[in-house]
Amino acid sequence: MPEFMAGLIPQFVMDWWMTAPGWFTYLATTLFKILLVTIVVILCVAFSTYFERKVIGSMQARVGPNRVGWKGLLQPFADVFKLLFKEVIVPSQSSRFLYVIAPLLSLTPALAAWAVIPMNNWFVIADINAGLLYVLALTSVGVYGVILAGWATNSKYALLGAMRSAAQIVAYEIAMGFALVGVLMAGGSLNIGDIVEKQAGGFSNWFLLPLFPLFVVYWIAGVAETNRAPFDVAEGESEIVAGFHVEYSGVAFALFFLAEYANMILISTLTAVFFLGGWASPFEGWAIFEPYHDLPFVGWFFGGGFPWLFIKMAFFMYVFFWLRATFPRYRYDQIMRLGWKVFIPVTIVWIAVEGAMAWFQVGPWAATGG
């Protein structure tokens, strides 16, 4: 149990907790972490929709939501209630079981991936050694929900959207995988916590600098994987109506909506973890700031903590919104050409450059001697 919670819990509860069976304390702690992370992610999804409309409205000289709640802050909850009470219409010629399970297959991997992402140096649900492989596997599973949603509805427009989305996800998943190979080489471990610890010591130790081409590839590929503008060809309304979820309504559509924003938050967090030091502060390791590390409120600012991870995630979420408000939708052939003919060769070349950097002990390999 974290030290900061000791003063918030009655002593008799602490005494009972210390004498409880080990399996019970482990199970209770794990369930509490899962519930906490899930609730926080869902709330972040809800308010991400609000801030997206506010950001895009500001960029386009519009107001955005301002009626429900103070300055429109309750608008996400109004949207949730609207979708919950709308009727779910299942197409008569669809495969009912696959139609129902497809949204769950899109949402579940987006939530399950958080199990291995460390929020700071002590809070992680499952600190496994193969965390990087676990994340890569789960981010690839989400494509099954997209394909099933397009196929199960027995609609040609939905199937076209699903096939285009699946081809796009596969193309950019390969580029993301090669980019993570570079992160693995620099971090020397598949454990995500170890990768963050390798970047401790300030901004100069972050992987952003030596792996900058891989950072660019990973971020843009993440935007493409989530089917966000300008890579939202799966939802090209002028061509294929609304894409793979054209036949979904009510809470079933809400699950796809939730999965999209949950994946955006996941990609933003992973980008911060792999390339920007995760919870690490850019001022960490500076001797001039060490006396401030133990202060109750500003200590995290100089010594690192969850607020830094949240700040970095929020920045990348803002870039998601910025891209949507700025760029037009690309043609499908342009998107596929970028994934196959540009990103994959760039990642392969930079992995070779990393091998040379490791040989000559430059960058992340300087301190360890390769």
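This note goes through a predicted model, point by point.

1. Residues are numbered from 1 along each chain as its sequence is written. Because the model is predicted, local features need pLDDT of at least 70 and side-chain atom pairs count only at pLDDT 80 or more, while totals for chains, interfaces and linings use all residues.

2. The largest pocket (on a 1 Å grid over the protein atoms alone, an open set of points where a 1.4 Å probe fits, with protein on both sides within 12 Å along at least five of seven lines) is lined by 48 residues, and those nearest its centre are Phe256, Phe257, Leu258, Glu260 and Tyr261. Lining residues have an atom within 4 Å of a point. Helix H10 (250–275) is among the elements that give two or more residues to this lining, and with 13 residues H10 provides the largest share. Helices are DSSP runs (H or I, at least four residues), numbered from the N terminus.

3. Helix H4 (96–112) also contributes two or more residues to that lining, and in H4 a kink of about 25 degrees lies at Ala102, shortly before the proline Pro103; the bend is the angle between axes fitted to the seven residues ending there and the seven starting there. Both Ala102 and Pro103 are buried, that is, under 20% relative accessible area with a 1.4 Å probe and protein chains only.

4. A cis peptide bond, with omega of about 5 degrees, joins Ala229 and Pro230, and Pro230 sits in the loop between helix H8 (212–225) and helix H9 (237–240). Most peptide bonds are trans.

5. Lys71, which is not a glycine, has a positive phi of about 55 degrees and lies in the loop between H2 and H3.

Key
Side-chain values use heavy atoms; hydrogens and water are left out. Buried means under 20% relative accessible area, exposed over 50%, partly exposed in between (1.4 Å probe, protein chains only).
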